[in-house]
Each structure stands twice: as structure tokens, then as C-alpha cells.
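Here are a few notes to help you find your way around this one. Have the picture open while you read.

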Amino acid sequence: MKRGTYYAIFFVVAVFSLMLLAGCSKPPTEALQKAEQALEDAKQKGANLYAEDSFKKAEEMLKKAKDQVAAKQYKEASQTLLEVVPAAQQAVAGVEAGKAKMKEEAEKFIGEAQKGLDELKTDVAAAIKKKLPVQREEVEQSIGKWGVDLAGIKDKLKSGNIREAFDELKAMVEAVKAKKEDIAKLSATPPAPAEPLKK
């Protein structure tokens with residue numbers, strides 16, 4: 001090989017290496033903006049509410065990329081950012097299925113909540129009949145409030161605020177269950193023995 005050809009090849013390789021280094025020495029600002037926008041779009045479409053796992057995955061990737069940029073690992077950040085947009089799009093694709101599943105679960109919760117309230121009313125009446133120390137007024141107020149809340153939640157479900165309705169129903173079912181358990185504990189507690197009559 002001629003000496004001139006050798007130098008020419010060396011020069012081309014050197015220039016190409018420098019170009020690669022220069023390409024990796026700048027933060028991937030444009031890719032970062034695109035990834036942030038993709039995540040924001042996914043959020044606007046409800047992916048954070050109805051496709052939580054996929055959305056969280058995309059969010060974690062974006063955070064990782066930002067950490068890599070902060071550590072000046074621009075090449076690694078660029079690679080990570082390439083995965084953020086498809087992950088955000090995947091989250092958006094899962095929104096409708098997630099919504100349908102959550103609505104179905106919310107409708108089950110409505111049945112559970114109604115059944116729980118009916119059972120609680122019966123439990124309270126039985127506890128009062130047994131002369132157990134039930135906070136009757138407080139429990140009846142709670143039952144009344146939950147009944148009103150349940151009607152409002154049904155309206156939210158109809159108007160498409162599925163996530164909000166789902167969260168409220170879940171909390172209500174748990175609260176009703178806790179109140180029933182409190183009354184069951186009272187029923188299970190043996191009555192205090194009567195004090196003996198003084199002679």
C-alpha cells in the first residue's frame with residue numbers, strides 16, 4: 001500500500017471518529033423535547049389514569065435519560081430516549097382497554113357498596129336491639145352520606161369520569177367494610193358481668 005493512501009485512510013478514519021465524538025458531546029436536546037412531548041400527549045389522553053403501568057415505564061425511561069444527560073452520558077441518553085416515544089405511544093394504545101376494565105370493576109364496586117350499606121343497616125339495627133354500645137347517630141349519618149355519595153359516583157361513571165368514580169367507590173367499599181367490622185367486634189365482645197348486689 002502506498003504511503004499516501006495510508007495517510008488518506010488514516011485521515012478519513014480520524015475525521016469520522018471526531019465527527020462521532022462531536023455528535024456524542026452535545027446533550028440530545030431535541031430528542032429530550034420530543035420524549036417529553038410524547039409523555040405529555042399520553043397524559044392528556046389519560047394514559048396516566050388508564051394505562052398506568054405502561055405510562056410509568058415511559059416516565060421512568062425519561063427520568064433515566066435526564067439522569068444520563070445530567071451525568072454527561074449523552075450517547076446513553078440518546079439510546080434511552082429512542083425508547084420513550086414508543087413506550088408513551090404504547091400507553092396511549094392501552095387507554096381504551098384500561099378504561100373499559102376500570103368501568104367494569106367500578107360497576108362491581110357499586111354492587112358491593114350497595115350490598116355493604118344494606119348489611120350495615122341490618123347490623124346496626126341488630127346491635128341496637130342487643131343494647132350494644134353502638135354510636136347510632138354517627139353510623140346512621142355515615143350511611144346517609146355514603147348513600148348520597150353513591151348516587152354522585154354513579155353520575156360520574158355515566159359522564160365518563162371513570163377513574164375518579166373508581167377511586168371513590170374503592171374507598172367507600174373499604175370504609176363500609178371497616179364500619180361493619182367494628183360492629184361485628186361489638187357483637188363478639190361478651191357483655192360485662194353485672195356487679196353483685198351489695199348486702
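1. A quick word on terms before we start: a helix here is a DSSP run of H or I with at least four residues, and helices are numbered from the N terminus. By that count, K179 has its place in helix α8, which covers residues 162–188. Keep in mind that you're looking at a predicted model.

2. Now the overall make-up. The protein has 8 helices and 0 strands, so there's no sheet to look for, given that a strand would need a DSSP run of E with at least two residues. Going from the N terminus, the order of elements reads α-α-α-α-α-α-α-α.

3. Some totals for the whole protein. It has 199 residues, and 28% of them are buried. The accessible surface is about 14100 Å², with 57% of that belonging to carbon and sulfur atoms. If you take the contacts with a separation of 6 or more, 73% of them join residues 24 or more positions apart.

4. Next, look at helix α4 (residues 52–70) and helix α5 (residues 74–93). Their axes come within 8 Å and cross at roughly 165 degrees. Angles over 145 degrees count as roughly antiparallel, so that is how α4 runs relative to α5. The crossing of the two is left-handed.

5. What lines that contact? On the α4 side you'll find, among others, F55, A58, M61, L62 and A65, and on the α5 side residues including Y74, L81, V84, A87 and A88. Sorted by kind, the residues of this α4 and α5 contact are 13 nonpolar, 3 polar and 3 charged.

6. Then there's helix α6 (residues 95–129) with helix α7 (residues 136–158). Here the axes come within 11 Å, and the crossing angle is roughly 160 degrees. That makes α6 roughly antiparallel to α7 as well, and this crossing is left-handed too.

7. In the α6 and α7 contact, α6 brings residues including A106, I110, L117, L120 and V124, while among those from α7 are V139, I143, W146, G147 and L150. The split for this contact is 12 nonpolar, 2 polar and 5 charged.

8. Back to K179: is this lysine buried or exposed? Its relative accessibility is 16%, so K179 counts as buried, the cut-off for that being under 20%.

9. And which residues does K179 touch? Leaving out residues up to four places away in sequence, they are L120, E138, V139, S142 and W146. You've met some of these already: L120 of α6, and V139 and W146 of α7, take part in the contact between those two helices.

Key
Residues numbered from 1 in each chain as written. Predicted model: local features only at pLDDT ≥ 70, side-chain atom pairs only at ≥ 80, totals over all residues. Heavy atoms only, no water. Axes fitted to C-alpha atoms, helices over the stretch in contact; angles between N-to-C directions. Parallel < 35°, antiparallel > 145°, perpendicular 65-115°, else oblique. Left-handed = near helix turned anticlockwise from the far one by under 90°. Contact = heavy atoms within 4.5 Å. Nonpolar A, V, L, I, M, F, W, Y, C, P; charged D, E, K, R; others polar. Buried < 20%, exposed > 50% of the residue type's maximum accessible area, 1.4 Å probe, protein only. Areas by Shrake-Rupley, 256 points an atom, 1.4 Å probe, with all protein chains shown as cover.
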